[in-house]
Amino acid sequence: MKLCTFLACALLILANAAMAKEAVPMAADVAVEKRMIEISEELRCLVCQNESLAASHAELAEDLRREVRKLIGEGKTDKEILDFMVARYGDFVRYRPPVKPTTWLLWGGPFLLLAGGVAALIAFLRRRVKEEAAPVLSEDEHRRAAALLDQSNS
Amino acid sequence: MKQRFLIPLAAFFVLLVFLAIGLTRDPRDVPSPLKDKPAPAFTLPQLAVVDTSFSPADMKGKVWLLNVWSSWCVSCRAEHPLLVAFAKESQLPIVGLSYKEVRGDSDINAGKLSPDDELKLTRQRANAWLAQRGNPYSVVALDMDGRVGIDYGVYGVPETYVIDKAGMIRMKHTGPITPDSLKNQIMPKVAELSK
């Protein structure tokens with residue numbers, strides 16, 4: 001009986017040890033996986049253009065995720081990995097393209113539209129204020145109106 | 001004063017013009033950052049001759065086309081007869097890059113194949129396809145895992161690159177070549193580079 005307990009315990013310990021051994025690379029993988037997902041969320045999948053590389057099921061996306069994992073393994077920084085992708089697929093792969101002459105309109109466009117809208121609003125309000133301030137009838141019209149009223153009263 | 005109400009109408013027409021222009025553009029045609037950059041180097045096994053490899057450096061001094069294709073790619077099937085006809089009448093070397101011939105085919109579980117078996121199956125499938133439809137290629141290089149494809153920024157087969165005598169990529173054509181794109185885009189570029 002004692003031997004049985006001992007064997008069971010030994011088995012349990014061994015099993016634990018075996019599991020623990022496997023868990024180590026798993027933990028490292030989780031860190032790599034997390035970084036890979038963080039990076040690929042910044043990248044567009046070129047096959048299904050409205051999906052991120054992290055979310056896409058396209059085969060190319062799988063290949064590129066594998067590539068990102070490999071680059072992480074090689075100790076590359078996030079910027080180096082993004083540059084790797086941009087060098088091959090262009091700024092279009094980035095959801096946040098860099099600010100440069102060709103993307104000025106892209107980044108500034110919304111603000112340009114906003115400025116235009118605000119300018120139009122100001123112009124509209126100013127004109128309304130002016131129209132309200134202006135007398136409804138000119139002096140000449142006043143006189144004519146008075147004359148007409150006199151006429152009907154008499 | 002009535003003209004003021006024409007302003008929204010005019011703005012609408014301007015918008016309409018922009019949208020109409022937008023409709024004629026292909027969102028899949030992403031400009032390649034590799035244009036006017038050296039064609040990325042690689043060394044890959046050749047299809048025709050076992051135990052020989054192909055490298056873009058072999059083409060130094062020539063203007064050539066690199067055509068990325070695959071037997072599972074439907075658009076390649078549409079493009080192929082045009083390439084075959086073109087190769088017959090032109091001296092321009094067309095190099096084929098067989099892209100993920102086995103791995104790209106979702107019907108095959110490529111993970112189960114050994115590298116040797118994958119190479120064998122790639123050769124078998126690519127050769128069968130070319131035997132059936134004609135072979136426009138002077139050389140075919142086998143990119144089995146698509147790694148070279150990534151270096152060239154391939155995101156959908158077929159894609160075609162025009163590479164000059166110095167080994168620089170001068171043009172990238174995404175999607176199947178059409179008689180129109182061959183005549184009006186690729187050939188003028190080739191003529192300009194061959195001078």
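The paragraphs below lead through a predicted model of two chains, taking chain A, then chain B, and then the contact between them.

Chain A is helical in its secondary structure, with 5 helices and 0 strands, so that its elements, read from the N terminus, run α-α-α-α-α. Of its 154 residues, 22% are buried, and among the contacts in chain A with a separation of 6 or more, 47% join residues that lie 24 or more positions apart.

Helix α1 of chain A covers residues 2-40, and A:Ser40 lies in it. Because its relative accessibility is 0%, A:Ser40 counts as buried; apart from neighbours within four places in sequence, A:Ser40 is in contact with A:Ser52, A:Leu53 and A:Ala54.

Two further helices of chain A invite a comparison of length and covering. Helix α2, residues 59-73, has 15 residues, which at 1.5 Å a residue should span 21 Å, and the 21 Å between its end C-alpha atoms agrees with this. Helix α5, residues 139-153, also has 15 residues, and here too the expected span of 21 Å agrees with the 21 Å that separates its end C-alpha atoms. As to covering, the buried residues of α2(A) are A:Leu60, A:Ala61, A:Asp63, A:Leu64, A:Arg65, A:Glu67, A:Val68, A:Leu71 and A:Ile72, whereas α5(A) is hardly covered, the count of buried residues among its 15 residues being 0. An α-helix has 3.6 residues a turn, so residues three or four places apart point the same way. Just after α2(A), the backbone at A:Gly75 takes a positive phi of about 80°.

In chain B the account turns to a sheet. This is an open sheet of 5 strands, arranged in the order β5-β4-β3-β6-β7 with mixed pairing. Because β5 (139-143) and β7 (169-174) of chain B stand at the edges and each have a single partner strand, one side of each is left without a neighbour in the sheet. On average, and with direction ignored, neighbouring strands of this sheet are turned by 20° against each other.

Strands of a sheet pair through backbone hydrogen bonds, either parallel or antiparallel. In chain B, strand β3 (residues 64-69) pairs with strand β4 (residues 94-99) in the parallel sense over 5 bridges, and within this arrangement B:Leu65 stands opposite B:Ile94 in β4(B). The pairing of β4(B) with β5(B) is likewise parallel and is made over 5 bridges, with B:Val140 in β5(B) as the bridge partner of B:Gly96. Helices lie across these strands: helix α2 (residues 74-89) of chain B crosses β3, β4 and β6 (159-163) of chain B and runs at about 155° to β3(B), while helix α3 (residues 115-133) of chain B lies across β3, β4 and β5 of that chain, running at about 140° to β5(B).

Which residues of the edge strand β5(B) point one way, and which the other? B:Val139, B:Ala141 and B:Asp143 point one way, B:Val140 and B:Leu142 point the other way, and all are buried. Accordingly, β5(B) is mostly covered, with 5 of its 5 residues buried.

B:Asp143, found in strand β5 of chain B, is buried with a relative accessible area of 1%. Leaving out residues up to four places away in sequence, B:Asp143 touches B:Leu44, B:Leu97, B:Ser98, B:Tyr99, B:Lys100, B:Val148 and B:Gly149. Although B:Asp143 and B:Lys100 are 43 residues apart along the chain, their C-alpha atoms are separated by 6.0 Å. A polar atom of the side chain of B:Asp143 also lies 3.3 Å from the backbone nitrogen of B:Arg147.

B:Gln46 lies in the loop between β1 (44-45) and β2 (53-54) of chain B. With a relative accessibility of 15%, B:Gln46 counts as buried, because buried means under 20%. A polar atom of its side chain lies 3.4 Å from the backbone oxygen of B:Ser53, and the residues that B:Gln46 touches, beyond those up to four places away in sequence, include B:Arg123, B:Val139, B:Val140 and B:Leu142.

Finally, the two chains meet in a contact that takes 19 residues from chain A and 19 residues from chain B. Between them the chains bury about 1500 Å², 46% of it on carbon and sulfur atoms. A:Glu59, A:Arg88 and A:Tyr89 supply 32% of the area that chain A buries against chain B, more than any other three residues.

Terms used
Residues are numbered from 1 along each chain as its sequence is written. Chains are lettered from A and ligands numbered from 1 in the order in which they are written. This is a predicted model: local features need pLDDT of at least 70, side-chain atom pairs count only at pLDDT 80 or more; totals for chains, interfaces and linings use all residues. Side-chain values use heavy atoms; hydrogens and water are left out. Helices (H or I, at least four residues) and strands (E, at least two) are DSSP runs, numbered from the N terminus. The expected span of a helix is 1.5 Å times one less than its number of residues. Buried means under 20% relative accessible area, exposed over 50%, partly exposed in between (1.4 Å probe, protein chains only). A polar contact is a pair of N or O atoms within 3.5 Å; within protein, one must be able to donate a hydrogen and the other to accept it, and residues adjacent in sequence count only if both atoms are side-chain atoms. Contact means heavy atoms within 4.5 Å. Two strands pair if DSSP finds at least two bridges between them. Axes are lines fitted to C-alpha atoms, for helices over the stretch in contact, and angles run from 0 to 180 degrees between N-to-C directions. Buried area is the accessible area (1.4 Å probe) that two parts lose on being put together, summed over both.
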